[in-house]
Amino acid sequence: MLFRRAPGWPVVLSDGPVLLRPYRRSDAAAWSEVRCANREWLAPWESTPAGDWADLNSPATFRWVHRDQRRSARTGEGMPFAVCLYTDGAERLVGHINIGSIVRRAFCSGYVGYWVDRRVAGQGVIPTAMALAVDHAFGPGGLHRVEVNIRPENGPSRRVVEKLGFREEAYHARYMHIDGAWRDHIGYAMTSEEIAAEGGLLARWHRLRARTP
């Protein structure tokens with residue numbers, strides 16, 4: 001089957017040391033190391049796995065993850081990025097961000113999901129990655145709206161979207177099966193009009209960081 005190039009994909013995005021790029025097959029070992037090292041940090045917030053964490057996050061499993069990501073990107077249903085830090089001429093994989101479940105035509109919307117290595121949490125990596133990805137989605141990606149759904153208890157993740165200016169829109173009771181039970185989520189959203197006058201979400205984030213002591 002032949003696929004036409006999806007809007008805005010593939011692409012590499014960067015701001016300072018934060019680099020977003022499509023995954024490569026060679027990312028298997030780095031992806032597995034980060035995922036396994038962050039089991040306690042990530043497992044409470046991710047969908048209930050059907051198996052052992054180490055097996056589900058092994059280099060061998062990454063082959064299937066990568067194949068699924070490539071398919072969603074080719075069909076325009078997703079924009080999956082490896083989040084990397086580029087310092088001293090070296091690139092280090094430290095997280096993931098995806099705009100997925102994309103529906104186009106009259107909707108032009110997608111859902112954002114992300115995670116980050118705890119060892120770099122609090123350094124502005126994910127807010128920067130979110131701003132880069134959303135600006136791209138609203139521009140070359142052709143989207144009008146993005147949504148994020150987060151468990152109420154996940155304070156660090158909620159702070160990311162709230163400081164970027166996402167609107168709290170809804171409370172979804174028993175929304176997703178996570179960590180062994182059906183968990184409530186808070187729904188946040190943003191449309192392209194809401195940040196157009198500010199020059200984009202990355203520009204908003206830069207101004208916010210400049211004002212923060």
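**Charges**

I began with the charges of this predicted model. I found 29 positive and 23 negative charges in the protein, and their mean positions are 4 Å apart.

**Overall dimensions**

I next looked up the extent of the C-alpha trace, which spans about 45 × 40 × 40 Å along the principal axes of the protein. I then compared the radius of gyration with the globule rule: for 213 residues a compact globule would have a value near 17 Å, and the protein has 17 Å, so the two agree.

**Surface and contacts**

I noted an exposed area of about 11,200 Å² for the protein, of which carbon and sulfur atoms supply 53%. Of the 213 residues, 46% count as buried. I also looked up how far apart in sequence the contacting residues are. Among contacts with a separation of 6 or more, 62% are between residues 24 or more positions apart.

**Secondary structure and strand pairing**

I recorded eight helices and eight strands for the protein. I then followed strand β8 (residues 181–191), which pairs in the antiparallel sense with strand β6 (residues 145–150) over six bridges. In this pairing I found asparagine 149 opposite glycine 187 of β8. Strand β8 also pairs with β7 (residues 167–178), again in the antiparallel sense, over eight bridges. Here I found methionine 176 opposite arginine 183 of β8.

I turned to the connection of β7 and β8, which is a hairpin with two residues between the strands. Aspartate 179 in this hairpin takes a positive phi near 50°.

**Alanine 129**

I asked which residues alanine 129 touches, not counting those up to four places away in sequence. I found Val18, Leu20, Val83 and Ile97. Alanine 129 itself is found in helix α5 (residues 125–138). I then asked whether alanine 129 is buried or exposed. Its relative accessible area is 0%, and the limit for burial is under 20%, so I entered alanine 129 as buried. I also looked up the distance from alanine 129 to histidine 96: the two are 33 residues apart along the chain, and their C-alpha atoms are separated by 8.9 Å.

**Backbone exceptions**

I kept in mind that most residues other than glycine have a negative phi, and that most peptide bonds are trans. I therefore listed the following cases against that general expectation.

I found a cis peptide bond between tryptophan 9 and proline 10, with omega about 0°. Proline 10 lies in the segment before β1 (13–15).

I found a positive phi of about 50° at aspartate 88, which is not a glycine. Aspartate 88 is located in the loop between β3 (79–87) and β4 (90–103). I entered aspartate 88 as exposed because its relative accessible area is 84%, and exposure requires over 50%.

I asked where arginine 174 is found, and the entry is strand β7. Phi of arginine 174 is near 45°, a positive value in a residue other than glycine. The relative accessible area of arginine 174 is 60%, so I entered this residue as exposed too.

**Closing entry**

I set two of these residues side by side for reference: alanine 129 is buried at 0% relative accessible area, whereas aspartate 88 is exposed at 84%.

Terms used: Residues numbered from 1 in each chain as written. Predicted model: local features only at pLDDT ≥ 70, side-chain atom pairs only at ≥ 80, totals over all residues. Heavy atoms only, no water. Helix = DSSP H or I, 4+ residues; strand = E, 2+ residues; numbered from the N terminus. Rg over C-alpha atoms; globule rule 2.2 N^0.38 Å. Buried < 20%, exposed > 50% of the residue type's maximum accessible area, 1.4 Å probe, protein only. Contact = heavy atoms within 4.5 Å. Areas by Shrake-Rupley, 256 points an atom, 1.4 Å probe, with all protein chains shown as cover. Lys, Arg positive; Asp, Glu negative; His and termini not counted. Charge placed at Lys NZ, Arg CZ, Asp CG, Glu CD. Pairing = 2+ DSSP bridges.
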